[in-house]
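User: Please go through the structure below and explain the terms applied to it. For each term, I should like to see the criterion and then the conclusion.

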Amino acid sequence: FNEVIYVLVEDAAEGAVNAFVYADNFGEGAFSIPVMYFSSDIEFDSTSLPPMGSVVQDAIALGGVFSELEFSADVITGQVVSPVSLYTAVEGGDAIFETPRSQGGSLVPIVYSEVSVGKDLAFVEFIGSLHAWNDKLLVQPIDLDTFSGLIGLDLMVFDMFASDFDKADDEIGSLDFHFFEFNITDRSLNSSYLYDDDFDYMFDGSGSQSAGKDVKSSAIGQSTSDA
């Protein structure tokens, strides 16, 4: 971890952070930010967006489709070194295609959060704030201390996945999931949890898994205006 957090910026000249996002690190500098995309032919604006804390099913009901912002970053400095591309899933999710900025539309970040109630841990997909898909929207890195000061967090949650590509996606043991609580102040790992075998519930927010202790939910993805 190079202590870099990625954010959405709508105007590079102003440099203001418009949204914190959940970024998947695939190694070798490859990153992906999960979003919901609304095409330009859908009448949609910030007043149509479900409130912060709504789940992705609310966005799907309004015409949103699962998509990803993909980019490459320098593995040492964390600086973005490639154009940011939007890949949108077709109906059914069997294929994805690049959606150019010229096509317009808008997007909403997806926030994967671990939410605990007692000893039950549920994985929920929340949606964040609305952003136009145009030439002004950028992904930029900020350092960990700046991030902590902006959002007021003492802890971060890191999610780590391991896949066995020799097994089918729905086969027991095909995927392991480990997450860590990272203390920003002293740069230490406070605790970690390991889950394995059945991960279907992780992606639809409908299930839960027994946890050893309470876990704070992620705040990544909320707009700075709501922080």
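Analyst: Two strands are said to pair if DSSP finds at least two bridges between them. Helices (H or I, at least four residues) and strands (E, at least two) are DSSP runs, numbered from the N terminus. The model is predicted, so local features need pLDDT of at least 70 and side-chain atom pairs count only at pLDDT 80 or more, whereas totals for chains, interfaces and linings use all residues. Residues are numbered from 1 along each chain as its sequence is written, and side-chain values use heavy atoms, with hydrogens and water left out.

User: What is the strand order of the open sheet of three strands?

Analyst: The order is 2-1-11, and the pairing is antiparallel. Strand 1 and strand 11 are joined by six bridges, against a requirement of at least two. Within this pairing, V4 faces D143 of strand 11.

User: What makes strand 2 and strand 11 edge strands?

Analyst: Strand 2 and strand 11 (138-143) each pair on one side only. Helix 2 packs on this sheet and touches strand 1, strand 2 and strand 11, a contact being heavy atoms within 4.5 Å. The direction of helix 2 makes about 100° with that of strand 11; axes are lines fitted to C-alpha atoms, for helices over the stretch in contact, and angles run from 0 to 180 degrees between N-to-C directions.

User: How do you know that strand 6 pairs with strand 5 and with strand 7?

Analyst: Strand 5 and strand 6 run antiparallel and share four bridges, while three bridges connect strand 6 to strand 7 (residues 96-98), again antiparallel. Both counts satisfy the minimum of two, so both are pairings. E70 has S85 of strand 6 as its bridge partner, and Y87 stands opposite E98 in strand 7.

User: Why is strand 6 called mostly covered?

Analyst: Four of the five residues of strand 6 (residues 85-89) are buried. Buried means under 20% relative accessible area, exposed over 50%, and partly exposed in between (1.4 Å probe, protein chains only).

User: Why does I110 count as buried?

Analyst: The relative accessibility of I110 is 0%, which falls under the limit, so I110 is buried. I110 belongs to strand 8 (residues 106-117). Its C-alpha atom is 8.0 Å from that of I33, although the two residues are 77 apart along the chain.

User: How many aromatic pairs are there, and by what rule?

Analyst: Rings of Phe, Tyr and Trp (its six-membered ring) pair if their centres lie within 6.5 Å; planes under 30 degrees apart count as stacked, over 60 as edge-to-face and the rest as tilted. The count by this rule is four aromatic pairs. One of them is F20 with F147: the centres are 5.3 Å apart and the planes stand at 80°, so this pair is edge-to-face. F20 lies in strand 2 (residues 19-20) and F147 in helix 2 (residues 144-151), 127 residues apart. Both F20 and F147 are buried.

User: What makes the pair of F31 and F71 stacked or edge-to-face?

Analyst: The ring centres of F31 and F71 are 5.4 Å apart and the planes meet at 5°, so the pair is stacked. F31 is in strand 4 (residues 30-38) and F71 in strand 5 (residues 65-72), so the pair ties together parts 40 residues apart in sequence. F31 and F71 are both buried, and ring pairs link them with Y6 in a cluster.

User: How do you know that R187 forms a salt bridge with D145?

Analyst: A salt bridge is a side-chain nitrogen of Lys or Arg within 4 Å of a carboxyl oxygen of Asp or Glu. For R187 and D145 the closest N and O atoms are 3.1 Å apart, so the criterion is met. R187 lies in the loop between strand 13 and strand 14 and D145 in helix 2, so the pair ties together parts 42 residues apart in sequence. D145 is partly exposed at 48%, as is R187 at 29%.

User: What joins E3, D145 and R187 into one network?

Analyst: The network arises from salt bridges that share partners. E3 also forms a salt bridge with R187, at 2.9 Å between the closest N and O atoms. E3 counts as partly exposed, with 30% relative accessibility.

User: Where is confidence lowest and where is it highest?

Analyst: The mean pLDDT, the predictor's confidence in each residue from 0 to 100, is lowest in strand 15 (residues 209-210) at 31 and highest in strand 5 at 94. Over residues 196-227 the pLDDT is below 50. Where pLDDT is low, the predicted coordinates should not be read in detail.
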